[in-house]
Amino acid sequence: MVVYSFYIFDRHTECVYSKLWARQDRPISGGGTSIRPISDSSATSNGAPPDLGPARARPARLSAQDDAKLIFGTIFSLRNMVRKLGGPDDSFISFRTGQYKLHYFETPTSTKFVMLTDTGTLNMRNVLHQIYVNLWVEYVVKNPICPVEHPGGEGVANEKFEMGLETFVKGFV
Amino acid sequence: MSSFYILQTSFPTADKPQLCGLVYQRDFTEGLNKLSVNDYLVLAGTFHGVHAITTRLNPLHPPNEPPSGIEVLETEHFRLQCFQTLTGTKFLLFTEPFQLNTDKIVARIYELYADYVMKNPFYSLEMPIRSEGWERRLVREMRVLNSR
């Protein structure tokens, strides 16, 4: 199995952490694999008009910031749709397209964990739950110098969390 | 639980943007959440948008094949199988989480749709499907599945 990327969204709909594993030809400044914070709203629009061609056309590449926003929009819409159809206590676990699979986990405080993997991957909800319990709570929530909210991803990407996530994902890939 | 929707997409023209309409919706079991007609239309529109977005989130670059949107959605209570035809019509089948072979079921429904809706000379596109023959065969197909 292959893990492509991982995102955390806080309850203010902001992407506080994102990490991309698969090599991607994207205009990321610095060229590193980890981008943070990516909430810089003023610098995101690259002036290119959105390509609204037919759904089957090959779309142009998006910047990593736009990707995070689109992912949030998708999970937000799907979550609301699922609640309407399946009752208020239903929540969606994953969806799959022909190319990738998106796994979703939401904590009671509306922090959302999202992971994109290849299509053959089985249910990853427990993996996301493990990341929440063992990494997020331990290294971010319990960190005394970390702010309660994370505007712009502040305090999330500390060394321990980064390393823990890296080894954790390497461990099950 | 099993419920079924067809979303039809119109081709955009100069004076009319691309529309996505719900042309058919039917529940096959009792005790499902009842929504108003308006809610169904809103959901259909939302799904159309989300489907288009998911085609663009492809993490592979360059993509090996033209990207497809959502095919399967899994939740705690149900499973949604989406099948998109080459012309953009979407078939949504809602089943129990562990229903097997949902793609085959949808393919079978697509056959019925082609035979009893598309080949019906009195059916006009983008209109709700009201055809007794189609209805009867669809219900028969589903009854066989639900009684297993």
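# Notes on a two-chain model

1. Start with a loop in chain A. Ser110(A) sits in the loop between β5 (101-106) and β6 (112-117) of chain A. This is a predicted model. Ser110(A) is not a glycine, yet its phi is positive, at about 65 degrees. Is Ser110(A) buried or exposed? Ser110(A) is exposed, because 11 other C-beta atoms lie within 10 Å, and a residue with 12 or fewer counts as exposed.

2. Chain B offers a second case of this kind. Asn101(B) also shows a positive phi, about 55 degrees, although it is not a glycine. Where does Asn101(B) lie? The loop that holds Asn101(B) runs between β5 and α2 (102-118) of chain B. Asn101(B) has 12 other C-beta atoms within 10 Å and is therefore exposed.

3. Now the overall layout of chain B. Three helices and five strands make up its secondary structure. Along the sequence, the order is β-β-α-β-β-β-α-α. Chain B has 148 residues, and 30% of them count as buried. Take the contacts in chain B with a separation of 6 or more: 44% of these are between residues 24 or more positions apart.

4. Follow β3, β4 and β5 of chain B. Strand β3 (residues 72-75) and strand β4 (residues 79-84) of chain B run antiparallel and are joined by three bridges. The link between β3(B) and β4(B) is a hairpin of three residues. Across this pair, Leu73(B) faces Leu80(B) as its opposite number in β4(B).

5. The next pairing follows on. β4(B) also pairs with strand β5 (residues 90-95) of chain B, again in the antiparallel sense, over six bridges. Which residue of β5(B) stands opposite Leu80(B)? That residue is Phe94(B). So Leu80(B) is a useful landmark: look for Leu73(B) opposite it in one pairing, and for Phe94(B) opposite it in the other. The hairpin of β4(B) and β5(B) has five residues between the strands. Within this hairpin, Gly88(B) takes a positive phi near 95 degrees.

6. Next, the contact between the chains. How many residues does each chain give? Chain A gives 36 residues and chain B gives 34. On the chain A side, β1 (3-9), α1 and β4 (92-96) each supply at least two residues. The largest share comes from α1(A), with twelve residues. Sorted by class, the chain A side holds 16 nonpolar, twelve polar and eight charged residues.

7. Look at the helices in this contact. Two packed helices are described by the angle between their axes and the distance between the axes. Helix α1 (residues 64-86) of chain A packs against helix α1 (residues 37-56) of chain B at about 150 degrees, and the axes are 10 Å apart. Angles over 145 count as roughly antiparallel, and α1(A) and α1(B) are therefore roughly antiparallel to each other. Their crossing is left-handed.

8. Which residues meet where α1(A) and α1(B) touch? From α1(A) come residues including Leu70(A), Gly73(A), Thr74(A), Leu78(A) and Met81(A). From α1(B), the residues include Leu43(B), Phe47(B), Val50(B), Ile53(B) and Arg56(B). By class, the residues of this helix contact are seven nonpolar, six polar and three charged.

9. Strands join across the chains as well. β4(A) pairs with β3(B) in the antiparallel sense, over four bridges. Two partners help you find the place. Arg96(A) stands opposite Val72(B) in β3(B). Phe92(A) has Thr75(B) as its bridge partner in β3(B).

10. β4(A) has a partner in its own chain too. β4(A) and β5(A) run antiparallel, with three bridges between them. A hairpin of four residues makes the connection from β4(A) to β5(A). In this pair, Phe95(A) is opposite Leu102(A) in β5(A). In a regular strand the side chains alternate between the two faces of the sheet.

11. Why is β4(A) called largely enclosed by the rest of the structure? Five of the five residues of β4(A) are buried, so that description follows. For burial, a residue needs 20 or more other C-beta atoms within 10 Å of its own. Compare Ser110(A), which is exposed with 11.

How values were computed:
Residues are numbered from 1 along each chain as its sequence is written. Chains are lettered from A and ligands numbered from 1 in the order in which they are written. This is a predicted model: local features need pLDDT of at least 70, side-chain atom pairs count only at pLDDT 80 or more; totals for chains, interfaces and linings use all residues. Axes are lines fitted to C-alpha atoms, for helices over the stretch in contact, and angles run from 0 to 180 degrees between N-to-C directions. Angles under 35 degrees count as roughly parallel, over 145 as roughly antiparallel, 65 to 115 as roughly perpendicular and the rest as oblique. A crossing is left-handed if the near helix is turned anticlockwise from the far one by less than a right angle, and right-handed if clockwise. Two residues are in contact if their C-beta atoms, placed from the backbone, lie within 7 Å. Ala, Val, Leu, Ile, Met, Phe, Trp, Tyr, Cys and Pro count as nonpolar, Asp, Glu, Lys and Arg as charged, and the others, Gly among them, as polar. Two strands pair if DSSP finds at least two bridges between them.
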